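Let's take a walk through this one together, a stop at a time. Have the sequence and the 3D view open as you read.

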Amino acid sequence: MSDKKGMDPKTYKFDTLSLHAGYQPHKNAGSRQVPIYQTTSYLFDDVDHAAALFNLERGGHIYSRISNPTVAVLEERVASLEGGTAALATSSGMSAIFLAVMTLCEAGDHLVVSSQLYGGTVNLFRLTLPKFGIKTTFVKPRDTEGFKKAIQKNTKGIFGELVGNPGNEIMNMPEIAKIAHDAGIPLMVDATYQTPYLCKPIDHGADIVVHSLTKWMAGHGSSMAGIIVEGGKFDWMQNDKFPTMTQPYEGYHGLSFAEEFGPTAFTMKARAEGMRDFGPCLSPQNAWNVLQGIETLSVRMKKHCENAEKMVEYLLGHESVAWVSHPSVPDHPDHDLASKLLPNGKGSMIAFGIKGGKAAGEAFINNVKLASHLANVGDTRTLVIHPASATHSQMDEATLKFAGLSHDMIRLSVGIEDIDDIKNDFENGFRAARKPRLVSNQ
Amino acid sequence: MKFQVNNNEVYASTGGRPFDKNKPLIIFVHGSGLTHMTWVLQTRYFAFHGYSVLALDMPGHGLSGGESLKSIEDMADWVSDVIDAVGYKEASLVGHSQGCLVTVECTARNPDKIKTLSLMGGAGAIPMNPELLFLAENNDPKAVELMMDWAHGPAGHFGGHPVPGLYHINTGSMLAKTRTIKNTLGVDFRACDNYKNGFEAAKQIKIPTLSILATDDKMCPVKEGKKLANLIEGSQIDIIDNCGHMMLLEEADRVLNVLKKFITTNYPAN
């Protein structure tokens with residue numbers, strides 16, 4: 001490395017890319033806002049043009065299940081923000097994970113997966129993917145060495161949420177990436193909780209990043225969307241583990257995705273095969289809604305994180321709270337790692353335990369008025385839920401315990417309302433939560 | 001496909017079709033530090049329309065073996081050797097940026113072997129910015145970042161990749177980082193900087209030649225491209241508005257359409 005200073009690239013920075021990446025007005029009738037291409041299909045110039053598009057000889061749009069110009073703006077925008085080479089938007093975060101796995105794996109393959117995940121994701125890996133012949137070994141996110149030990153001959157990747165849902169355990173992404181790469185397999189990370197404003201997993205070794213765009217990226221609780229982002233660094237040809245990436249593919253006249261597309265091979269395959277055959281496409285209206293959210297991503301994330309830290313302080317000092325888990329808390333086991341991976345803020349998801357257990361938790365949830373009780377996170381509004389009875393309710397006791405959930409846990413997604421109003425609302429909840437205990441103590 | 005040239009393994013994309021020696025050959029030569037993948041939006045079309053295609057990884061680049069060649073003249077001779085190695089007596093050449101220097105020199109040295117020449121973002125000389133050269137030769141990733149900044153026009157900086165979902169600058173950066181920067185980009189930049197024979201070589205070219213230039217090309221500006229093209233007898237020029245040096249990706253469709261018309265007219269498939 002040289003220490004020569006002087007010229008610097010003038011490529012656009014994060015806040016500018018949030019507003020502009022993926023779109024050129026002069027190619028769209030001068031429309032300053034991204035148009036919503038509400039169409040199913042696109043005219044071909046002639047038969048030769050049609051054949052060339054279908055055969056990936058030219059870039060372009062054929063049918064909106066495969067690609068759409070409004071959705072493509074979103075894809076480029078997120079790729080630019082994540083530092084990725086390419087992205088593929090999907091109808092939801094879950095379809096993004098499913099499509100990423102199906103692009104990577106075949107029947108008989110195996111994945112090593114963090115145990116601290118959104119309940120739906122746990123069910124996908126634990127119950128649904130085995131139906132396709134894809135098996136999973138779960139490892140606790142802090143057990144870095146456990147990821148290494150769990151790798152088998154047929155393991156095709158490691159997957160995890162950077163900050164686990166709902167317990168806020170953090171994967172040591174750089175070390176786990178090294179473990180994956182030493183084994184010749186990619187690391188896939190769900191970075192929904194962070195957004196690229198807080199962390200760009202590709203910079204820390206991740207090869208594939210997935211998001212539920214429904215959450216902070218869209219930010220307003222209006223639209224479902226997901227995305228797969230490719231880092232472009234993973235060498236699919238380094239071993240013989242990924243024949244569907246490296247060998248001629250019958251579905252495109254013998255195309256080898258890795259040879260032809262290199263750093264964008266995974267996205268090309270996910271679109272050409274996955275979108276063609278599974279079809280979880282994102283609607284252009286929802287893509288547009290997400291784009292509106294991304295325009296203010298950094299502004300909102302700053303406020304989310306600022307409010308979250310104030311709520312952490314408030315909860316830590318509250319008599320009704322048994323414990324608080326947030327990476328900003330100095331005695332959080334992953335505080336130092338979080339400071340390294342999340343320098344712009346530790347996120348707005350807080351897990352806390354309410355004194356009085358399940359009954360108190362239910363009373364709290366039933367008595368907050370400003371905070372919304374629902375199964376979502378990352379809204380501009382403050383959201384609360386009792387995971388053991390909702391998002392993770394399909395798990396049995398043992399799985400709940402392995403996933404790090406307790407019956408007193410409240411999951412809080414801190415919104416961007418005035419912080420005093422959120423605290424006042426919580427006071428009402430805590431007051432109600434204390435009542436059943438008083439009754440039971442009599 | 002992989003084959004041997006001068007005892008080193010060479011990788012070339014055949015555009016997704018088996019290499020067929022009965023079809024006319026088009027060879028694509030990439031720019032500094034890059035790989036065959038820059039040509040994916042041109043090669044597949046020709047491969048499926050009557051031509052045999054070789055989008056080369058130059059020695060030491062991409063998937064090819066050996067070490068990077070240190071002069072444009074050596075690269076020109078190597079391209080000629082590739083034609084021999086795959087059993088052809090003639091070929092059509094397409095070059096981008098540094099690949100233009102290579103193909104111009106190769107054509108001048110092999111007037112009977114090369115049948116058409118297509119140049120994209122070409123110039124008769126590509127003197128390197130000393131700081132950029134220093135960074136590349138010292139393996140500094142900033143060299144790639146600067147190259148990607150200067151090489152891309154509006155499509156690269158704002159977006160609008162012809163292939164939905166791809167982001168130009170990051171994809172280009174990854175291509176340029178496929179191998180060690182100082183061994184690819186560093187060697188290539190030095191070779192470009194040292195090469196002084198472009199204008200003389202151009203004067204010797206008598207075959208149909210096409211130059212595709214772009215108004216926002218900061219690396220090989222239109223006036224430099226025209227200077228080269230005007231030295232080649234009967235050369236055609238096509239200028240693309242609002243496009244940078246990476247026109248083969250930024251305006252892939254336009255480039256393919258112009259290239260298709262030129263090659264199919266001057267070097268028709270069987």
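A:Ile208 stands opposite A:Glu230 in β7(A). That pairing belongs to a longer stretch: β6(A) and strand β7 (residues 226–230) of chain A run antiparallel, joined over five bridges. Strands count as paired if DSSP finds at least two bridges between them. The strands themselves are DSSP runs of E, at least two residues long, while helices are runs of H or I of at least four residues, and both are numbered from the N terminus.

A word on what you're looking at: this is a predicted model, where local features need pLDDT of at least 70 and side-chain atom pairs count only at pLDDT 80 or more, though totals for chains, interfaces and linings use all residues. Residues are numbered from 1 along each chain as its sequence is written, and chains are lettered from A and ligands numbered from 1 in the order in which they are written.

Back to β6, which covers residues 208–212 of chain A. It also pairs with strand β5 (residues 187–190) of chain A, this time parallel and through three bridges. There, A:Asp190 has A:Val210 as its bridge partner. So is β6(A) buried or exposed? Five of its five residues are buried, meaning that 20 or more other C-beta atoms, placed from the backbone, lie within 10 Å of a residue's own (12 or fewer would make it exposed, and anything in between partly exposed). In a regular strand, side chains alternate between the two faces of the sheet. Here A:Ile208, A:Val210 and A:Ser212 point one way, and A:Val209 and A:His211 the other.

Further along chain A there's an open sheet of five strands, in the order β8-β9-β12-β11-β10, with mixed pairing. Its edge strands are β8 (321–325) and β10 (372–373), each paired on one side only. β8(A) joins β9 (residues 349–354) in the antiparallel sense over four bridges, and A:Val321 has A:Ile354 as its bridge partner in β9(A). Two helices lie across strands of chain A. Helix α13 (residues 297–316) lies across β8, β9 and β12 (409–413), at about 10° to β9(A). Helix α15 (residues 357–367) lies across β9, β10, β11 (383–385) and β12, at about 125° to β9(A). These angles run from 0 to 180 degrees between N-to-C directions, using axes fitted as lines to C-alpha atoms, for helices over the stretch in contact.

Now zoom out. Chain A is assigned domain 1 (14–293) and domain 2 (298–441), with bounds that come from an automatic or database domain assignment. Their C-alpha centres lie 29 Å apart. The contact between them takes 30 residues from domain 1 of chain A and 34 from domain 2 of chain A, where contact means C-beta atoms, placed from the backbone, within 7 Å.

What about the other chain? 49 residues of chain A are in contact with 39 residues of chain B. On the chain A side, α3 (69–82), β1 (86–90), α10 (257–261) and α11 (265–277) each give two or more residues, and the largest share, six residues, comes from α3(A).

Our last stop is inside chain B. Helix α4 (residues 130–137) and helix α8 (residues 181–194) of chain B pack at about 145°, with axes 7 Å apart. Among the residues that meet there are B:Leu132 and B:Leu133 from α4(B), and B:Leu185 and B:Phe189 from α8(B).
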